[in-house]
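The exercises below ask the reader to work through one structure step by step. Please keep the sequence and the model at hand.

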Amino acid sequence: MRIATKTSQYVVMTLFAAAFLAPLVWMISASLRPEAQVLSVPPQFLPKDAQWDNYRQIFELIPVFLWNSVKLAGLNVVGILIVASMAGYAFARLRFAGRDFAFIVLLATSIIPGIAYLIPQYIVFRHIGWVDTQYPLWVPKVLTPVFATFLMRQSFLTVPKELEDAGKIDGASTFGIYWRIMLPQTKPALAAIGVFTFLESWNDLFGPLIYINSENLQTLPVALAQFQGEYFTQISLLMCGATVSVVPVIAVFLFAQRYFIQGITMTGMKG
Amino acid sequence: MATLSLTRGRPVAVAGARRERRRQNLVGWLFISPIVVGVVVFQFFPILVSMGASLTSWNGISAPKFVGLQNFRDLFGNDPLFVQTFKNTIYFTLASIPLTIGVGLVLALLCSRPIKGVAFFRTAYFAPYVTNVVAIGFVWFWFFQPDNGVINGMLGQVGISGPQWLSSSSWAMPAVILVSVWQGIGYPMIILLAGLQGLPEEYFESARIDGAGAWARLRYITLPLLTPHFLFLLITQFITSFQVFGLIYVMTKGGPGHSTSVYIFNIYQNAFGFGKVGYASAMAWILFAVIAAVTFLQWRLQKRWVFYT
């Protein structure tokens with residue numbers, strides 16, 4: 001490529017990168033500023049003397065919300081990986097009556113958008129006394145991972161049959177073959193689904209917003225959005241909270257970028 | 001014990017095979033039982049409830065009262081907010097889809113060319129997509145402050161006095177759209193990048209030999225070959241932007257006036273704010289019908305413009 005083209009490409013790409021990163025940089029920088037300097041014209045992107053004490057204050061305010069977010073993300077990730085990999089294994093590798101029919105019915109449910117379930121699920125949960133508990137934020141999700149099941153099935157289909165046969169000859173049970181022999185072969189798919197599920201659960205706003213009333217059960221994003229005036233009287237503290245809610249996501253994304261993108265492009269392949 | 005008497009007297013192998021098949025069926029269904037139970041309990045059953053509820057006047061607590069199609073009649077004939085939130089949603093969708101896919105394509109093209117540090121740029125463009133909508137909403141909320149916000153500060157530097165943004169009923173929606181595009185671009189970028197990387201090199205080689213310039217190669221080879229990806233993006237982006245909620249909730253709560261109140265926000269308020277569960281269910285079904293119809297239409301129209309190799 002000619003040097004001129006290359007340079008102009010760098011310039012354009014850097015401008016875009018600045019536009020995409022500036023708000024995030026501003027968020028972190030605002031979280032470290034004394035309150036009086038948060039909104040200043042022109043905007044400062046680097047704080048003059050960093051107020052690390054802001055973070056000490058925020059961690060005293062949010063441990064409950066942080067723990068709730070971590071707990072729900074953990075339950076969702078582990079639960080979905082177990083349920084989806086079991087079903088995916090059965091659909092890919094076991095023979096049983098009604099298998100293909102069940103698979104098609106499951107796939108068909110994925111065309112109905114979430115909005116159709118939203119209100120009736122809420123009513124059902126209210127009837128069984130689950131409103132203002134955390135069950136609606138993980139039980140229904142863990143038990144309906146249709147798309148993850150589809151991905152797991154694809155992944156199990158690629159595992160060589162010989163591995164399975166060797167297990168059978170050694171007298172392993174079906175569950176033993178699934179758990180000890182087949183599952184370790186699907187680590188990339190498990191990682192992709194795990195990263196996806198973590199991000200979805202961690203960033204969920206709607207679920208906790210409609211189901212949780214008690215403050216001590218609330219997750220971090222909703223706590224930030226709802227208790228703004230009451231808790232986070234300063235913008236700098238609010239930005240600390242926002243930063244804390246973003247950092248784990250960026251960390252997970254950086255470490256597992258490959259799997260995340262793999263998960264996304266797998267979705268895209270269907271088109 | 002009918003089964004026992006039937007199997008007795010038959011060759012052992014047949015009975016064994018049958019027992020084995022029954023065991024296999026049982027094991028298979030045990031493996032899929034969690035998801036089967038989940039889908040029946042948390043999807044099929046609620047869907048039935050929702051269909052029924054849309055025909056009732058119901059607050060979700062006391063006994064529902066059957067009203068037939070009254071909810072639908074009220075929505076279409078007697079509810080200005082329904083019409084307005086529907087229009088707002090269309091406005092949001094029609095503006096954000098071309099912008100996300102268009103800029104996403106530019107970024108994908110930039111990132112697909114061999115250049116040092118491309119991983120950094122890709123990550124930068126993608127970062128907003130994985131971050132929390134609440135955090136993003138807050139940051140941009142302060143950016144859009146009329147007097148001491150970053151946006152008007154920058155506009156002021158070039159001599160433009162910026163609008164009131166979130167407190168102006170004509171500028172609040174463009175502001176929300178801008179943020180949503182900024183956040184959402186990573187997704188089409190990744191899909192198109194995957195598409196670009198899968199294109200067969202031979203086409204470009206022979207075009208180059210025929211003397212086609214960069215622009216001609218883009219126009220006549222790259223874009224047609226990417227049309228399946230564009231179709232996929234059109235369908236998925238339509239479904240997600242038609243259900244936008246988070247940014248609206250954090251940045252404007254639907255205001256000022258009802259200028260940024262989108263359809264889902266209206267459903268949310270009716271169902272969980274005003275306790276009009278039957279009414280909100282009817283709204284959900286209308287949304288479902290619109291999404292299904294548009295998706296079907298896009299699918300049918302693909303023959304006209306989607307190019308498969």
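**Exercise 1.** Determine how much area is buried between chain A and chain B, and how many residues from each chain take part in the contact.

*Solution.* Step 1: begin with the area. About 7800 Å² is buried between chain A and chain B, and carbon and sulfur atoms give 80% of it. Buried area is the accessible area (1.4 Å probe) that two parts lose on being put together, summed over both.

Step 2: identify the main contributor on one side. Helix α1 (residues 3-31) of chain A supplies the largest share of the side of chain A that touches chain B, 16 residues. Helices (H or I, at least four residues) and strands (E, at least two) are DSSP runs, numbered from the N terminus.

Step 3: sort that side by class. The side of chain A that touches chain B holds 70 nonpolar, 19 polar and 3 charged residues. Here Ala, Val, Leu, Ile, Met, Phe, Trp, Tyr, Cys and Pro count as nonpolar, Asp, Glu, Lys and Arg as charged, and the others, Gly among them, as polar.

Step 4: count the residues. Chain A brings 92 residues to the contact and chain B brings 86 residues, where contact means heavy atoms within 4.5 Å.

The model is predicted: local features need pLDDT of at least 70, side-chain atom pairs count only at pLDDT 80 or more, and totals for chains, interfaces and linings use all residues. Residues are numbered from 1 along each chain as its sequence is written, chains are lettered from A and ligands numbered from 1 in the order in which they are written, and side-chain values use heavy atoms, with hydrogens and water left out.

**Exercise 2.** How many salt bridges does the rule find across the interface of chain A and chain B, and how many over all chains?

*Solution.* Step 1: apply the rule, a side-chain nitrogen of Lys or Arg within 4 Å of a carboxyl oxygen of Asp or Glu. Across the interface of chain A and chain B it finds 0 salt bridges, while the count over all chains comes to 8.

Step 2: examine an example. The side chains of A:R56 and A:D53 form a salt bridge (2.7 Å, N to O). Both residues lie in helix α2 (residues 53-61) of chain A, 3 residues apart, about one turn of the helix.

**Exercise 3.** Describe the overall form of chain A and one span that UniProt lists in it.

*Solution.* Step 1: chain A has 15 helices and 0 strands. Its C-alpha trace spans about 70 × 65 × 35 Å along its principal axes.

Step 2: chain A has a radius of gyration of 23 Å, whereas a compact globule of 271 residues would have one near 18 Å. The radius is taken over C-alpha atoms, and the globule rule is 2.2 Å times the number of residues to the power 0.38.

Step 3: an unreviewed UniProt entry lists residues 66-256 of chain A as "domain: ABC transmembrane type-1". UniProt positions are given in the numbering used here, feature names are shortened, and annotations may be inferred rather than shown by experiment. Over residues 66-256 the chain is 74% helix and 0% strand, with the end C-alpha atoms 22 Å apart.

**Exercise 4.** Where in chain B do B:P256 and B:W165 lie?

*Solution.* Step 1: B:P256 is in the loop between α12 (246-251) and α13 (263-273) of chain B. A cis peptide bond, with omega about -5°, joins B:G255 to B:P256.

Step 2: B:W165 occupies the loop between α7 (150-157) and α8 (172-184) of chain B. B:W165 has a positive phi of about 45°, although it is not a glycine.
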